[in-house]
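Biologist: Could you take me through one part of this model slowly? I'm a first-year student, so plain words would be great.

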Amino acid sequence: MAADDDDVDHLLRHGRVRSRTHVARIRLGEALDSGFVVLPTFSRPHYTVVVERAPNASLGLLVRLALRDVSVNVYYRPWKER
């Protein structure tokens, strides 16, 4: 999870996500409203999403939330071994 659009941009440009052609985004409010527990990792902008803690907070629901907002990663770079 990213806190805001600047964090999303940073993750797409510099993170391991660069090797993904598409990315999915789940809004924090949607995750919380759906019953997921979201824990800080103290390494901004990363969070841990806990599934199965609440009756409806399943992995399937997390996937459905992610599929609502899938976009092409404009910073995509094929991953190369060094």
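Biologist: Let's zoom in on Asp 69: is Asp 69 buried, partly exposed or exposed, and what is its relative accessible area?

Modeller: Keep in mind that this is a predicted model. Asp 69 comes out as partly exposed, because its relative accessible area is 26% and that class runs from 20% to 50%.

Now for its partner. Asp 69 makes a salt bridge with Arg 25, and their closest N and O atoms sit 3.3 Å apart. That is within the 4 Å cut-off, so the pair counts. The general idea is simple: side chains of opposite charge can pair when their charged atoms come close. Look at where the two residues sit: Arg 25 is in the loop between strand S1 (22-24) and helix H2 (28-33), while Asp 69 is in the loop between H3 and S4. They are 44 residues apart, so this pair links distant parts of the chain. Arg 25 is partly exposed too, at 28% relative accessibility.

Next, slide over to Arg 68, which is also in the loop between H3 and S4. The side chain of Arg 68 forms a salt bridge with that of Glu 30, with 3.3 Å from N to O. Glu 30 belongs to helix H2, 38 residues away from Arg 68, and here again distant parts of the chain are linked. How open are these two? Arg 68 has a relative accessible area of 60% and counts as exposed because the cut-off is over 50%. Glu 30, with 27%, is partly exposed. The count for the model is two salt bridges.

Step on to Val 70 and you're in strand S4 (residues 70-72). Val 70 is partly exposed, with a relative accessible area of 42%. Val 70 joins Leu 59, Val 63 and Leu 67 in a nonpolar patch on the surface, and together they offer about 370 Å² of accessible area. Helix H3 (residues 59-67) supplies the largest share of that patch, three residues.

Finally, zoom back out. The chain has three helices and four strands, and along the sequence they follow the pattern α-β-α-β-β-α-β. Of its 82 residues, 23% count as buried. The accessible surface comes to about 6,400 Å², with 52% of it belonging to carbon and sulfur atoms. As for contacts between residues at least 6 apart in sequence, 60% join residues at least 24 apart.

Methods
Residues numbered from 1 in each chain as written. Predicted model: local features only at pLDDT ≥ 70, side-chain atom pairs only at ≥ 80, totals over all residues. Heavy atoms only, no water. Patch = residues over 30% accessible without salt bridge, like charges linked within 9 Å, V, L, I, M, F, W, Y side chains within 5 Å. Areas by Shrake-Rupley, 256 points an atom, 1.4 Å probe, with all protein chains shown as cover. Buried < 20%, exposed > 50% of the residue type's maximum accessible area, 1.4 Å probe, protein only. Contact = heavy atoms within 4.5 Å.
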